[in-house]
Amino acid sequence: MSNVKNYTEQGGEKTIIGGTLDIAGEGRLTFAGIQFKPAAAQADTTAASVAELVADFNALLAKLKAAGLMESHG
């Protein structure tokens, strides 16, 4: 048993992060070739109608997709 927090299991199939994963400088995190990045901020909704709430929700979905945190379909 190891006392390190971050390690790759024998064979390299699984990496355990028990500490902090710090992606510095030009580093990046990808999944299936798609780069993850922070999603743009979404303001709290002030919607007064269902249509306005739908517009706010769709704006949030667009930001998640642009950040690579949600797949686009279609």
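**Reading the labels on this model**

Q: Where does Arg28 lie?
A: Arg28 lies in the loop between β2 (15-17) and β3. Keep in mind that this is a predicted model.

Q: Why is Arg28 called exposed?
A: Its relative accessible area is 59%, and exposed means over 50%. The value is past that cut-off, so Arg28 counts as exposed.

Q: What is Arg28 in contact with, leaving aside its neighbours within four places in sequence?
A: Arg28 is in contact with Ile23 and Gln35. Contact means heavy atoms within 4.5 Å. As for Phe57, Arg28 is 29 residues from it in sequence and 28 Å from it in space, C-alpha to C-alpha.

Q: Why is Leu29 called partly exposed?
A: Leu29 has a relative accessible area of 40%. Buried is under 20% and exposed is over 50%, with partly exposed in between, so Leu29 is partly exposed. Leu29 lies in strand β3, which covers residues 29-31.

Q: Which residues form a nonpolar patch on the surface with Leu29?
A: They are Ile17, Leu21 and Ile23. Together with Leu29, they have about 350 Å² of accessible area. A patch residue needs over 30% relative accessible area, and Leu29 passes that cut-off with its 40%.

Q: What makes Phe31 and Phe36 an aromatic pair, and why is the pair called stacked?
A: By the rule used here, the count comes to one aromatic pair. Phe31 and Phe36 form this pair, at 6.3 Å centre to centre and with 25° between the planes. Ring centres must lie within 6.5 Å to pair, and planes under 30 degrees apart count as stacked. Both values meet their cut-offs, so the two rings are a stacked pair.

Q: How do you know whether Phe31 is buried or exposed?
A: Phe31 has a relative accessible area of 56%. With the cut-off for exposed at over 50%, Phe31 is therefore exposed. Its partner Phe36 has 27%, a value between the two cut-offs, so Phe36 is partly exposed.

Q: What makes the phi of Ala32 worth a look?
A: Phi of Ala32 is near 50°, a positive value in a residue other than glycine. Most residues other than glycine have a negative phi. Ala32 sits in the loop between β3 and β4 (34-36). Its relative accessible area is 71%, so Ala32 is exposed by the over 50% cut-off. Gly68, just after α1, also has a positive phi, of about 80°.

Q: Why does Gly19 count as partly exposed?
A: Gly19 has 35% relative accessibility. That lies between the 20% and 50% cut-offs, so partly exposed is the right label. Gly19 is found in the loop between β2 and β3, and touches Lys5 and Asn6, not counting residues up to four places away in sequence.

Q: How do you know that the reach of helix α1 is close to the one expected?
A: Helix α1 (residues 50-66) has 17 residues and reaches 24 Å from its first C-alpha to its last. The expected span is 1.5 Å times one less than the number of residues, which means 24 Å for this helix, so the two agree closely.

Q: Why does Ala40 count as partly exposed?
A: Ala40 has 48% relative accessibility, and exposed needs over 50%, so Ala40 stays partly exposed. Ala40 is found in the loop between β4 and α1. The C-alpha atoms of Ala40 and Leu60 are separated by 8.6 Å, with their positions 20 residues apart along the chain.

Note on methods:
Residues are numbered from 1 along each chain as its sequence is written. This is a predicted model: local features need pLDDT of at least 70, side-chain atom pairs count only at pLDDT 80 or more; totals for chains, interfaces and linings use all residues. Side-chain values use heavy atoms; hydrogens and water are left out. Patches are made of residues with over 30% relative accessible area and no salt bridge: like charges are joined within 9 Å, nonpolar side chains (Val, Leu, Ile, Met, Phe, Trp, Tyr) within 5 Å. Accessible areas come from the Shrake-Rupley method with a 1.4 Å probe; for residues, only the protein chains shown count as cover. A salt bridge is a side-chain nitrogen of Lys or Arg within 4 Å of a carboxyl oxygen of Asp or Glu. Helices (H or I, at least four residues) and strands (E, at least two) are DSSP runs, numbered from the N terminus. Buried means under 20% relative accessible area, exposed over 50%, partly exposed in between (1.4 Å probe, protein chains only). Rings of Phe, Tyr and Trp (its six-membered ring) pair if their centres lie within 6.5 Å; planes under 30 degrees apart count as stacked, over 60 as edge-to-face and the rest as tilted.
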